[in-house]
Every structure is written in structure tokens, then in C-alpha cells.
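Thanks for passing this one along. Here are my notes on the ligand site and on the internal cavities, set out point by point.

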Amino acid sequence: MAFKPANNIQDLQYFGEFGGVNPSISDSSTYTFLSAKTMFDTFEGNADGCYLYSRHSSPSNLYLGEALAAMEGTETACVTASGMGAITSVLLQLCESGDHVVSCRTIYGGTYTFLKNFIPRFNISTSFVDITNLEAVEQALTTKTKVIYCETVSNPLLEVADIKGLSKIAKAHNLKLVVDNTFSPLSISPKPLGADVVVHSLTKFINGASDTVGGVVCGTQDFINDLRNVNTGAAMLLGPTMDSLRAASILKNLRTLHIRMQQHSKNALYLAEKFEADGLKTVYPGLASHPSHNLFKSMMNETYGFGGMLTIDVGNLDTANALMELMQHKNLGYLAVSLGFYKTLFSAPGTSTSSEIPLEEQHAMGLSDGLIRFSIGLDADIERTYKTMRKCMEELGILEATMV
Ligand code: PLP
């Protein structure tokens, strides 16, 4: 039976302590105990339903975690203060000194530089590979490899990972497959396809309001227990804890994600088709010209489409900057990093979200100067948006310059 992530969220029932239709917010950092013995047991992890201290867990965070676990089809989840809080905790939990990671080479710049520059301090090394080439992934494995890391749809190049294929490799070599699903919530569910751990930056589509950063780790109960372990857990000891008030507000936004994703995807597909027909170099997984279009289709929960992210290449950085400034001037969106907002957001990743990646590596992975990454908004009239965008491109001579 097809996996239905939005139904799983819908079917959860929450009540506040006075019968409220939203759960009560736990606005406390610490919790009292009637007996000292229960406090001790809670410390030891042997007192279910008791709370000790909110860096460990809190009712509001558990509610949000439960909803995100339902969405991803995992046993449970642990919410964090940011996407990087989730990613770094998972990698530091799974890897010890001497271990090795095989990672997709086109990933969010923060994750890339964590793997490349930060985690080697702990003697953990990474090989960056073309994740769409399963042979290259297998060849990069060593006896020390513990993790295969990828993004379902990569930032910013929108390469698509073959989760089933990667999972087969991970299982054959007893590794953990960790998948960042930030670009494709609801559209693709990595866990049923074989991922062991699914992470998200909640900052993006899931919260959808660009008013907070947040993250989540979705996995087995055992793994989440390990993360929260008071003696050895990265989520406990590094302190990437989400605030309870935020957990409550993100939970409320999560409930409209299924409607928002359909609109983001519908608008992005419309624009991608138009841009491509205009002769612009356009990358969008929903286009038949995308090298992994069929792979995406084979993995997707169809209702939610191919997602809200697309890229175009306008040839060089100056033109990209001029177009973004003009589009912002015409109120078509904002020149801003991040994604998943009701307005369209655009940025040139080479000089922003991927600027941590050295220039020659950017070129090797195909990240060109003229690339503009769009997070397409919820515009009610996308035809009007397209017409105005087209005018901007004509004004700057882009369409003529790139016509085929
Ligand atoms: N993963 C992806 C794919 C991202 O695009 C980002 C941020 O841009 C992150 C993770 C990091 O998330 P956060 O900014 O919430 O720490």
C-alpha cells in the first residue's frame, strides 16, 4: 500500500490539558518530582512519561517529534534548534575517531564544510562523490566507512539520490544511510525506501513561515534514545535543543504542509515548463529533461509533486545579480537565501549558500556562476508571475542571450 505521509499526520490526536484542540505548551525548563527515587529513575532513563530537564526532552518537543515521525514513517524523532543541529548531532553520534563518511558532493554548504573542515578535527574523514553514480559510491567505501550521507534532492543542483539503491549498498556493508529530506518533504519519504535516519531543516518548507530555524532527526527508538542519552548522546550533550514555544508553533504550521507543498510544486512546474520552453537552461525534477526525472517519479508520493525548488542558469554572476535585483524591485519575490516561504526566494548559490565550497570544486560539480536557485512561492496567479518575470528577463536581454 502506498505510503500516505499527510494522512499519518492528520490521524494523530492531540488535546491540551483543558480540552484545548492544540496541546498545551510546556513552558518550563525543569520539572518537579514527588519522590527523589523517580527523579533518579528518570535520570537513568527508566521512568516513562516523566520529564527531567528540557534540554533532554519536553512535552511540546515530543508532540512535534511525534508528528514528524508520523510524516516520515519512522518510530520516533528528536527535534532540534536548527537543521545543522540535527545533522551534526547525527554524524557525531554515528561516527567515532578513525571513521569515514561517504557523502554526496552537492549538498548544503554548511553540511559540506562541517564534513570537510570541522569533523576532521575528530579524525573523521569524508569522501565526496557523485551520488547519482552508485558505482562511485561503492568504490569510495573503506573498511572504516560508517555512514552514507545525501540529500534526497540536493542543494543547490537538484540532483536526485536513488534512496533504494543507496540503501542496498548501506545494508550490504552494514552502514547507516542518512538522508536530508529538506527539499522534498511529503513528496518523497526516504524511510520506506530504505533510509535509516531522515533529517530535515524545519526552517524551510515544513515550518514555511521564515520566522524560525529548526531541525529534526527521524529514526528508530534505539537511535533517538542514543542521541538523548544523558551520558553519551549528542543531542543531550551538544545542546542543540529546540525551544518549546517554537515546537508548538512549528507543529501548527506543519498541519498545512500538504496544501502548501501542492501549491509550491504546481507553481514550480508551471514556471519550469515556461522557462525551458523559452530556451533558458532550467533544472527541475518535474521536467522530462531532468536526468533523474524517472527516478524521482519512481520514488514520489504523487499528490505532492516535484517540489518547489528550481534553478536557471543565466550565464554569469553579473546577469544573475541584475535579474534578482530587478525581480525583487518588481515584487516577484525576495533576494534571500533559505526556502519554503509564501513569497518566491532567489539567490545565487555560488556566492551565498554554497560559498563554503571552494571555486574549483563548485566548477567540478557543475555549480556555475550564473546559476539562480529559486524557491517558488505560493502565488495564487502564477501566470501573472511568469509574465512579469519574463519581462524582467527581456529587459536585461537574458532571453535573447540564452535563446536556443
Ligand atoms: N539542509 C539543507 C538541504 C539546507 O538547505 C539547510 C539550510 O539551508 C540545512 C540543512 C541547514 O538547516 P538550518 O539552517 O536550519 O540549520
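1. One thing to keep in mind from the start: this is a predicted model. With that said, let me begin with the ligand. A backbone N or O atom of Met84 sits 2.8 Å from an oxygen atom of the ligand. The neighbouring entry on my list is Gly83, where a polar backbone atom is 2.8 Å from an oxygen atom of the ligand.

2. Asp180 deals with a nitrogen atom of the ligand: a polar side-chain atom of Asp180 lies 2.6 Å from that nitrogen. As for burial, the ligand taken alone exposes 390 Å², and the protein buries 91% of that.

3. Which residues of the shell are the closest to the ligand? They are Met84, Asp180, Ser201, Thr203 and Lys204, out of 14 residues that surround the ligand. Helix H4, residues 83-94, contributes the largest share of this shell, with three residues.

4. The chemistry of the shell may be handy if you are setting up a docking grid. Seven of the shell residues are polar, four are nonpolar and three are charged.

5. Now to the enclosed space in the protein. How many cavities of 30 Å³ or more are there? The count comes to two. The largest cavity has a volume of about 120 Å³, and 16 residues line it. Closest to the centre of the largest cavity are His56, Asn61, Cys78, Val79 and Arg228.

6. The lining of the largest cavity draws on several elements. Helix H3 (59-72), strand S1 (76-80) and helix H10 (234-237) each supply at least two of its residues. By class, this lining holds eight nonpolar, six polar and two charged residues.

7. The second largest cavity holds about 40 Å³ of space. Its lining consists of Pro23, Ser24, Ile25, Ser60, Tyr63, Ala247, Ala248 and Leu251. H3 and helix H11 (244-254) are the elements that give two or more residues to this lining, and H11 gives the most, with three.

8. Is the lining of the second largest cavity charged or free of charged residues? It has no charged residues, with six nonpolar and two polar ones making up the classes. In the largest cavity, by comparison, two charged residues belong to the lining. H3 is worth a look on screen, as it supplies at least two residues to the lining of the largest cavity and two or more to that of the second largest.

Methods
Residues are numbered from 1 along each chain as its sequence is written. This is a predicted model: local features need pLDDT of at least 70, side-chain atom pairs count only at pLDDT 80 or more; totals for chains, interfaces and linings use all residues. Side-chain values use heavy atoms; hydrogens and water are left out. A residue is near a molecule or strand if one of its heavy atoms lies within 4 Å of it. A polar contact is a pair of N or O atoms within 3.5 Å; within protein, one must be able to donate a hydrogen and the other to accept it, and residues adjacent in sequence count only if both atoms are side-chain atoms. Accessible areas come from the Shrake-Rupley method with a 1.4 Å probe; for residues, only the protein chains shown count as cover. Helices (H or I, at least four residues) and strands (E, at least two) are DSSP runs, numbered from the N terminus. Ala, Val, Leu, Ile, Met, Phe, Trp, Tyr, Cys and Pro count as nonpolar, Asp, Glu, Lys and Arg as charged, and the others, Gly among them, as polar. On a 1 Å grid over the protein atoms alone, a cavity is a set of points where a 1.4 Å probe fits but cannot get out, and a pocket is an open set with protein on both sides within 12 Å along at least five of seven lines; lining residues have an atom within 4 Å of a point. Grid points are joined across faces, edges and corners, and a volume is the space filled by probe spheres set on the points.
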